[in-house]
Amino acid sequence: MIGLAVPALGVLAAEPLYVLVDTAVVGHLGALPLAGLALGGVLLTQVSTQLTFLSYGTTARTARLHGAGRRADAVSEGVQATWLALAAGLLVVVLGQVFARPLAELLAGNGAVADAAVEWVRIALFGAPFILVTMAGNGWMRGVQDTRRPLKYILIGNGISTVLCPALVYGAGWGLEGSAVANVVAQVLAAGLFIKALFAERVPLTPHWAAMRAQLGMGRDLVLRSLAFQACFVSAASVAARTSVAAVGAHQVVLQLWTFLALVLDSLAIAAQSLVGAALGASRRVQAERLAWQITRYGLVFGIGLGVVFASLASVLPSAFTSDAGVLAEIPHAWWFFVLLQPVAGVVFALDGVLLGAGDVRFMRTATLGAAVVGFLPLVWASYRFGWGLTGIWSGLSAFMVLRLWAVVWRARSGKWAVEGASR
């Protein structure tokens, strides 16, 4: 389990780390290019955020086939996911060129920031097909319990691009456009390595509509689930922005820490996907159920540990992110919710991995949408209406997580997710 989780964590962390390097390089060009990169990055991130089924859905389907001893069929799922990734990526490139400016102006208004964002994103969008191919490659390799090669591929692509970015931005004098080109190069290199790995498997590479249609069915539920997350976090940011400048700054600090720890815990969920899917594919239901509760215990222990660590850092760590007195005064209103939610998040993310590995995505879609509608959104908008500030916003997040905790624990205990066989 640790052998799968640690390389998976490396893959999850590689992209945020590359973004930090990119941000540092562009940041020295001035405030306007940095703002353009930030806005363009938000637009590009939506591509991978909304199409996560290419990785998570592919892992679920591939793991079952791998567990059943059908490696060639498992890799074929990766082939079909790669075809879908290329088709979706080309569509994103075309639509992105058309709507880049309207979307940038919707977020930033008609001005220099929107101009800079459009300049960056129109180049970076050419990397979209390769971003999606990389997601599909991660998906099938995780399913066959190979998380080491994806880590190597991602590090090669991002490592070369990290060197190339300052060379193009400063050395070639391309400025913000150089950052976008380096971004595309990273995606092309990583995707090329994943495609090379598919060729090495010597399986048929022809597209099959029936298999792609089945993947799209699972993808629909995962996209709806992802939209529920986006609605929650966009609403929270919007309400924080309408509270005060200090509140939105404090919310950003705590939310970024939350996102980072979610990556740490999500690596355990990826291991759960692969192992549980393989056990069910091999018709070993008892083993799958035992794994589910073992992973849940690990998630709980890690969550408690993270909560203790960040509770002890409450008086120190926020100052590393900001020296603004107003922001520092607001951070405690969110900080203790963030700390107390870590054990809850540990269990929820672990069981998310179990249910994803089992292909139980319809339940996960319904549970996430229900938790958002019943728990998060009412409290967040009540916070806006009654002026509860960050306390109200993070109360909403807490209700969202507690409702998800109840749902996934109930589902895990019911056993209805543990459907045996190479397909679901």
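Q145 sits in the loop that joins helix 6 (128-143) to helix 7 (148-171). The model is predicted. Q145 is not a glycine, yet its phi is positive, about 65 degrees. Most residues other than glycine have a negative phi. Q145 counts as partly exposed, because its relative accessibility is 33%, and that class runs from 20% to 50%.

**The helix before Q145**

Helix 6 is followed by Q145. How many of the 16 residues of helix 6 are buried? The count is 15, and helix 6 is mostly covered. The length of helix 6 also agrees with expectation, because 16 residues at 1.5 Å a residue should span 22 Å and the end C-alpha atoms are 23 Å apart.

**Another loop with a positive phi**

S283 belongs to the loop between helix 10 (245-281) and helix 11 (285-312). Its phi is near 60 degrees, a positive value in a residue other than glycine. Is S283 buried or partly exposed? S283 counts as partly exposed, because its relative accessibility is 43%.

**Helix 15 and the glycine after it**

Helix 15 covers residues 342-357. Of its 16 residues, 15 are buried, so helix 15 is mostly covered, with buried meaning under 20% relative accessible area. What span should helix 15 have at 1.5 Å a residue? The expected value is 22 Å, and the end C-alpha atoms lie 22 Å apart, which agrees. Just after helix 15 comes G359. The phi of G359 is positive, about 75 degrees.

The positive phi values can be set side by side.

| Residue | Place | Phi |
|---|---|---|
| Q145 | after helix 6 | near 65 degrees |
| S283 | loop between helix 10 and helix 11 | near 60 degrees |
| G359 | just after helix 15 | about 75 degrees |

**A buried threonine**

T58 is part of helix 3 (residues 56-67). T58 is buried, because its relative accessible area is 2%, and the cut-off for buried is under 20%. Which residues does T58 touch, leaving aside those up to four places away in sequence? They are F53, E77, G78, A81, A136, G139 and W140. Helix 6 runs over residues 128-143, so A136, G139 and W140 in that list fall within the range of helix 6.

**Cysteines**

A search of the whole structure finds zero disulfides. Two cysteines can be placed by their accessibility. C165 counts as buried, because its relative accessibility is 1%. C232 is buried as well, because its relative accessibility is 1%.

**The cavity**

Rolling a probe the size of a water molecule over the atoms shows where empty space is left. In this structure there is one cavity of 30 Å³ or more. The largest cavity holds about 30 Å³ of space. Its lining consists of R225, D352, M364, A367, T368, R404 and V408.

What is the mix of residue types in that lining? Three residues are nonpolar, one is polar and three are charged. Which helix gives the most to the lining? Helix 16 does, with three residues. Helix 16 (361-386) and helix 17 (389-414) each supply at least two lining residues. D352, another residue of the lining, has a number within the 342-357 range of helix 15.

Definitions and conventions. Residues are numbered from 1 along each chain as its sequence is written. This is a predicted model: local features need pLDDT of at least 70, side-chain atom pairs count only at pLDDT 80 or more; totals for chains, interfaces and linings use all residues. Side-chain values use heavy atoms; hydrogens and water are left out. On a 1 Å grid over the protein atoms alone, a cavity is a set of points where a 1.4 Å probe fits but cannot get out, and a pocket is an open set with protein on both sides within 12 Å along at least five of seven lines; lining residues have an atom within 4 Å of a point. Grid points are joined across faces, edges and corners, and a volume is the space filled by probe spheres set on the points. Helices (H or I, at least four residues) and strands (E, at least two) are DSSP runs, numbered from the N terminus. Ala, Val, Leu, Ile, Met, Phe, Trp, Tyr, Cys and Pro count as nonpolar, Asp, Glu, Lys and Arg as charged, and the others, Gly among them, as polar. Buried means under 20% relative accessible area, exposed over 50%, partly exposed in between (1.4 Å probe, protein chains only). Contact means heavy atoms within 4.5 Å. The expected span of a helix is 1.5 Å times one less than its number of residues. A disulfide is a pair of cysteine sulfur atoms within 2.5 Å.
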